[in-house]
Structures are given as structure tokens and as C-alpha cells.
Amino acid sequence: MAKMPAWSWTVLNVLGFQAVWLVSVIGAGRGLWWPGLVVAVLFTALTLAFTRERNRDLRTLSIALPLGFFMDSILVQSQSLQFACPYPLPGLAPVWIMALWLGFALTLNHSLRSIYAKALPTFLFGLLGGPVAYGIATMRFEAMSVQGSTLECALWIGLVWGIGLSVIRWLDLRSTSTEKGQTA
């Protein structure tokens, strides 16, 4: 098989995650938790099958999934957000949100690489991108609802996402440097 140009891999990574995002939020808005999970698992399988950075992606996934679950569960527990289709346990991050985290984590080393490479852009991306994504999911697709003031909720989501994504990056870089130190 011919080598794929880097730009085409980036485009496929963006399109794959957008498919995960759309199917997840549309499904959740209609009361279905599983369509996003199916697309996320397919995206994950294809990404891991074709990436040259499989080990790094697996490491990033192992860090981002539990922290993403924690972050979104904090947002629910703080009563800032209520997720549609809260399967399997109301009060915690639902399956369809974890499908989003599965897909999102696989963009960090690929289509979001230039943002994820530096601390400040990573923090700002979380601070600004989290509320925007949640706002679209809320207003356009009814996949979640804001509890209380929209501005306060957006600030809280931004803070959780800015700090959370920064922690994911820090742990990911730390585990990468630890792994390199052990193999040297």
C-alpha cells in the first residue's frame, strides 16, 4: 500500500472525529446512547490500524478516557449540566460522552497535534473549545441541558476543560518521557 500524505491523514482524522461527534450528540438528543459508541469504536479501530503512532495513541487514550470521565462527571455532579440519555448511571458521564472522549483522544496526536504540542494553546483550546462544543450540543441537538446561568455554566465548563486537557497533556508528556528514559 502506498504511503498516505500527512495532510490526508489529518483530514481523515478530522472527518472521523466529526462523524463520532455528530452521531453521538444526535443520538443522545434522540435518547440513544449506542450509535455514537459504534462509530467511536469503528473510528478507533481504523485509527489504530493505520496510524504509525499506535503506542502513543494507546497511551493517550489510557490517560484521556478516565480523566474525561472524571471531568464530565464533575460537570454533572456540580449540577451545571444534565446530559440527555444518561445511560448507564445518571449523575455520571454517560456512554455517549465517553464515545466522544474516545474519538477526541485520537485527535490529540494527529489533527490537533499543533495545539496539543504546547501548554498554553492546549489550555486555551479547552477553555474556549469545551464551552463551544457543549453549547452546540445543547442548543442545536438537545444532547444536554444547562442548569442555571448559561454564562456561569460556560465559564465552569471552560475551566474544567482548560485544566483537564492541560492535565491530560502533562500526564501524556510525562509518561512519554518516562518511557523514553526506560528504553534509553
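## A first look at helix α2 and the aromatic pairs

A49 has a relative accessible area of 45%, so this residue counts as partly exposed (buried is under 20%, exposed over 50%, partly exposed in between, with a 1.4 Å probe and protein chains only). You are looking at a predicted model, where local features need pLDDT of at least 70, side-chain atom pairs count only at pLDDT 80 or more, and totals for chains, interfaces and linings use all residues. Residues are numbered from 1 along each chain as its sequence is written, and side-chain values use heavy atoms, leaving out hydrogens and water.

A49 sits in helix α2, residues 34–50 (helices are DSSP runs of H or I, at least four residues, and strands are E runs of at least two, numbered from the N terminus). Buried residues of α2 include P35, F43 and L48. Among the elements that cover the buried residues of α2 are α1 and α3 (contact means heavy atoms within 4.5 Å).

Now to the rings. The structure holds nine aromatic pairs; rings of Phe, Tyr and Trp (its six-membered ring) pair if their centres lie within 6.5 Å, with planes under 30 degrees apart stacked, over 60 edge-to-face and the rest tilted. Two of them are shown here.

| Pair | Centre to centre | Planes | Type |
|---|---|---|---|
| F83 and W96 | 5.7 Å | 90° | edge-to-face |
| W101 and W161 | 4.8 Å | 20° | stacked |

W101 belongs to helix α4 and W161 to helix α7, so their pair ties together parts 60 residues apart in sequence. W101 is buried, at 2% relative accessible area.
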